[in-house]
Amino acid sequence: MFVGAVRVGQAMLIRARLHGEFTFFVGGGVAVFDCDGDAMPDVYLAGGTNRASLYRNASTPGGELRFAADGDAATTLTGVTGAYPLDIDADGNTDLAVLRLGENVVLRGHGDCRFTRANEEWGIDGGEVWTAAFSATWEGDNALPTLAFGGYVAVDTGGNRTGGCSDNVLLRPDGMRYADPVPLTPSLCTLSMLFSDWSRTGQRDLRITNDRQYYRDGEEQLWRIADGEAPRLYTREEGWQELKVWGMGIASHDVTGDGLPEVYLTSMGDNKLQSLTAGAAQPRYGDIAFRSGVTAHRPYTGDNLRPSTAWHAEFQDVNNDGFVDLYVAKGNVDAMPEFAAADPNNLLLGQADATFVEGAEAAGIVSFTTTRGAALADFNLDGMLDLIEVNRRENVAVWRNVGWGDAATPAPMGNWLGIRLEQDGSNRDAIGAWLEVRVGDRTTWKELTVGGGHAGGPLGWVHAGLGDADGAEVRVQWPDGEVGPWMEIDANKFVTIARGAATPVPWPVAED
């Protein structure tokens, strides 16, 4: 077995698939979040021309994965390309921003996986375009988050191209409702966007990746989104450099260990790992994908050596060795002969020297389905991240992580922590916070964000692998910059860290 690899077992647990022709060649995201308050991640899946579907997690803690379809009428929308979870109104129930071909719909959560449409209640203009990207952040003291929606190719009501790209828009709150959308032009057929504090200065700007196939004069974008200011693009004078890719997805993580996030951009045969070349002084990036071993530009197995097409990307520590790994979903757009038709997803395992090596074959997850959205999450709360993949015209795949063992005798790998942040007032889940995890002389930083990936993302437990360590020191830089105290946490526990608390609260809470 490849060093550091992890075995998983597959099961046909969810009966859902992404369907549709041209207008659903992209999208297919999955939102992972807890909608019924049992701390176990549930899933909401885009269906394209099929209805979107909500599945409750009915897994056995520490055991088999199980999901049950939920028939909430508000969630069974058609034309859905993706969805992102966030608690917009800070009532403790997660809401859903649902991206669609046509009007985007925001669903207000009421607990017990019940939802109602909230566009009118919150003054949200859902537009009528083809949307496949989303991100959110909180600006200043606003009670509601700022929302960004990414428009893709401009089409008519029949799904036919009309030329150019639809506008990206920014929705800023005005009290407890939203003002009119602010266009972010030029808009260049966006497929992923992410609010991130790239400079670690407290300024959360909007990174946008665009599909170069549909624009003539354009590039990747970084918008400055400052509270009380009109949004604007960063300029060459400020350090921003031209980059053109077939932008599909964004993943962000501090790979190099300097406390500043790198950005992974998925594309067609040309994936990028961008790192700041001047530190936090300027948004000037250089590519380190080749030296890091994450180009993932061709299939690593099979007899098709044409370039790959990559979509969702996610940084997580899948084998709990303390070094972050990178999952990349792959699949031909439809029938493009110049790109690989048999294009398996990557599981790139992080090494101590900040490089990565392919581990998908040893992990047992090689598949030649056409994947779009995906997510890594601990569905059975055993401390090992499982995998869900959304496939075009084929059933969703769910993979259970059983560590070094097999389905009958799971065997954990390294130690781990599951952490959830909580604060009073708006932004209850502390989106924009940085979680610092220190094990010995090694520190990792994790930024809590909503957005990125490809058309979907998670909200809930933040996973940290610890390797052989029996615990870690953890502290939080909260969204407004306040830094909490270091806390010692024993390994293999789920804990909640509340703002202002001196110690974490374990989950489940011990009974007296």
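**Disulfides, salt bridges and strand pairing in the predicted model**

Numbered in sequence order, the bonded cysteines of the protein pair as 1-2, 3-4. The model is predicted. Two disulfides are counted in it.

One disulfide joins Cys 35 to Cys 113, with an S to S distance of 2.0 Å. The angle about this S-S bond is 75°, and the link of Cys 35 and Cys 113 is right-handed. Distant parts of the chain are linked by this pair, 78 residues apart. Cys 35 sits in the loop between strand 2 (30-33) and strand 3 (42-45). Cys 113 sits in the loop between strand 8 (105-109) and strand 9 (115-117). Both Cys 35 and Cys 113 are buried.

Cys 165 and Cys 189 form a disulfide as well, with sulfur atoms 2.0 Å apart. Here the link is left-handed, with -100° about the S-S bond. This pair also links distant parts of the chain, with the two positions 24 residues apart in sequence. Cys 165 belongs to strand 13 (residues 161-165), whereas Cys 189 lies in the loop between strand 17 (182-184) and strand 18 (190-196). The relative accessible area of Cys 165 is 19%, so Cys 165 counts as buried under the 20% limit. Cys 189 is buried with a relative accessible area of 0%.

Salt bridges number 24 in the structure. A network of them links Asp 36, Arg 56, Asp 70, Asp 72, Asp 112 and Arg 114. The side chains of Arg 117 and Glu 120 also meet in a salt bridge, at 2.8 Å from N to O. Arg 117 is partly exposed, at 36% relative accessibility.

Glu 238 forms a salt bridge with Arg 232. The closest N and O atoms of this pair are 2.8 Å apart. Glu 238 is partly exposed, with a relative accessible area of 25%. Arg 232 is partly exposed too, at 33% relative accessibility.

In the salt bridge of Arg 475 with Glu 436, the closest N and O atoms are 2.9 Å apart. Arg 475 lies in strand 38 (residues 471-477) and Glu 436 in strand 34 (residues 434-439), so the pair ties together parts that are 39 residues apart in sequence. Arg 475 is partly exposed, at 25% relative accessibility. Glu 436, at 14%, counts as buried.

Strand pairing was examined next. Strands of a sheet pair through backbone hydrogen bonds, in a parallel or an antiparallel sense. An open sheet of four strands follows the order 37-33-40-41, with mixed pairing. Strand 37 (462-467) and strand 41 (505-507) stand at its edges. Each has a single partner strand, so one side of each is left without a neighbour in the sheet. On average, neighbouring strands of this sheet are turned by 30° against each other, direction ignored. Strand 40 (residues 493-498) and strand 41 run antiparallel and are joined by three bridges. Thr 496 has Val 505 of strand 41 as its bridge partner.

Strand 22 (residues 249-253) pairs with strand 23 (residues 262-266) in the antiparallel sense, over five bridges. Ala 251 stands opposite Tyr 264 in strand 23. Strand 22 is mostly covered, with four of its five residues buried.

Two individual positions complete the description. Gly 373 is found in strand 30 (residues 371-377). Gly 373 is buried, at 0% relative accessibility. Leaving out residues up to four places away in sequence, Gly 373 touches Gly 27, Gly 28, Gly 29, Val 30, His 312, Ile 388, Glu 389, Val 390 and His 454. Gly 373 and Glu 389 are 16 residues apart in sequence, with a C-alpha to C-alpha distance of 6.1 Å.

Asn 304 is placed in the loop between helix 2 (289-292) and strand 26 (310-316). Asn 304 nevertheless counts as buried, at 13% relative accessibility. A polar atom of the Asn 304 side chain lies 3.1 Å from the backbone nitrogen of Arg 306. Beyond its neighbours within four places in sequence, Asn 304 is in contact with Pro 299, Ala 340, Ala 341 and Ala 342.

Key. Residues are numbered from 1 along each chain as its sequence is written. This is a predicted model: local features need pLDDT of at least 70, side-chain atom pairs count only at pLDDT 80 or more; totals for chains, interfaces and linings use all residues. Side-chain values use heavy atoms; hydrogens and water are left out. Buried means under 20% relative accessible area, exposed over 50%, partly exposed in between (1.4 Å probe, protein chains only). A polar contact is a pair of N or O atoms within 3.5 Å; within protein, one must be able to donate a hydrogen and the other to accept it, and residues adjacent in sequence count only if both atoms are side-chain atoms. Contact means heavy atoms within 4.5 Å. Two strands pair if DSSP finds at least two bridges between them. Axes are lines fitted to C-alpha atoms, for helices over the stretch in contact, and angles run from 0 to 180 degrees between N-to-C directions. A salt bridge is a side-chain nitrogen of Lys or Arg within 4 Å of a carboxyl oxygen of Asp or Glu. A disulfide is a pair of cysteine sulfur atoms within 2.5 Å.
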